[in-house]
Amino acid sequence: MKRTGLICLALLIPVLASAQNRTLVQDLEKEEAGKGRVTVEMDERLDSLLGPKCAALSGETVKATGYRIQLYSGNNTRTAKENAAKAESYVRENFPELTVYVIFKTPHWTCVAGDFLNFEEAYETMRKMRKAKSPYKQMILLRNQEINVPI
């Protein structure tokens, strides 16, 4: 059993290493079903200067502990889901830079926004949301939340 695991690990490491060492141009030229095709014509020396693709461009995130802004929380089964969805659409329209989450934990529907590492940034964003004539005046900051931080 140990030998099989070691063999699988030995085969998996080069595959993962090669996937991470792709350059930006190689990633752009990769063919995917249902998507357009990109062809980049340039000197090969430029490709080596660009280096490997940055992880931040791929949308990779890391879990961390931080703050989120709670816009809505309700437990009325008839209206809470709809109200949480309205809060989500409000944030997406007016604050597109924020990530919005609608969470259901029986029997509560909650709408929270943002992934903030520090209190000051979260509080400043909440203050801006209140100033923007938001219909959600009872916003609160939630601490010790598991947030997604881009690498």
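Which exposed residues sit on the face of α4 turned away from its buried side? Keep that one in mind, and I'll come back to it once we've had a look around.

First, a word of caution: this is a predicted model. The protein has 151 residues, and 25% of them count as buried. You'll find five helices and four strands in it. Going from the N terminus, the order of elements is α-α-α-β-α-β-β-α-β. As for contacts between residues at least 6 apart in sequence, 68% of them join residues at least 24 apart.

Okay, let's start with the sheet. It's an open sheet of four strands, in the order β2-β3-β1-β4, and the pairing is antiparallel. At the edges you have β2 and β4, where β4 is residues 140-150, and each of those pairs on one side only. From one strand to the next, the twist averages 40 degrees. In general, strands of a sheet pair through backbone hydrogen bonds, either parallel or antiparallel.

Let's zoom in on one pair. β1 and β3 run antiparallel, and six bridges join them. If you want a spot to click on, try tyrosine 67: its bridge partner is phenylalanine 116, in β3.

Now put a helix on that. α5 lies across β1, β3 and β4, and it runs at about 30 degrees to β1.

Next up is α4, the helix from my opening question. It covers residues 80-94, so that's 15 residues, and it reaches 21 Å from its first C-alpha to its last, close to the 21 Å expected at 1.5 Å a residue. Which of its residues are buried? Those are Ala80, Ala84, Ala87, Tyr90 and Val91. They cover an arc of only 120 degrees around the axis, so they end up on the same side of α4. And what do the buried residues of α4 pack against? They pack against three strands, β1 (61-74), β2 (100-105) and β3 (108-116), and also against the helix α5 (119-131).

So, back to the opening question. The face turned away from the buried side of α4 carries the exposed residues Lys81 and Glu93.

We're not quite done with α4, though, as it also has some charged pairs. In general, side chains of opposite charge can pair when their charged atoms come close. The structure holds six salt bridges, and I'll show you a few.

One is between the side chains of lysine 86 and glutamate 82, at 3.4 Å, N to O. Both lie in helix α4, four residues apart, which is about one turn of the helix. Are they buried, exposed or something in between? Lysine 86 is partly exposed, with a relative accessible area of 44%, and glutamate 82 is partly exposed too, at 48%.

Then there's glutamate 88 with arginine 92, whose side chains meet in a salt bridge at 2.9 Å, N to O. They're four residues apart in helix α4, so about one helical turn separates them. Glutamate 88 has 22% relative accessibility, so it counts as partly exposed. Arginine 92 also counts as partly exposed, at 47%.

For a salt bridge with exposed partners, look at arginine 37 and glutamate 31. Their side chains meet at 3.8 Å, N to O, and both residues are exposed.

To wrap up, if you open the model later, start with α4: find Tyr90 among its buried residues, then turn to the opposite face and look for Lys81 and Glu93.

Key:
Residues numbered from 1 in each chain as written. Predicted model: local features only at pLDDT ≥ 70, side-chain atom pairs only at ≥ 80, totals over all residues. Heavy atoms only, no water. Helix = DSSP H or I, 4+ residues; strand = E, 2+ residues; numbered from the N terminus. Expected span 1.5 Å × (residues − 1). Buried < 20%, exposed > 50% of the residue type's maximum accessible area, 1.4 Å probe, protein only. Arc of directions from axis to C-beta. Contact = heavy atoms within 4.5 Å. Pairing = 2+ DSSP bridges. Axes fitted to C-alpha atoms, helices over the stretch in contact; angles between N-to-C directions. Salt bridge = Lys/Arg side-chain N within 4 Å of Asp/Glu carboxyl O.
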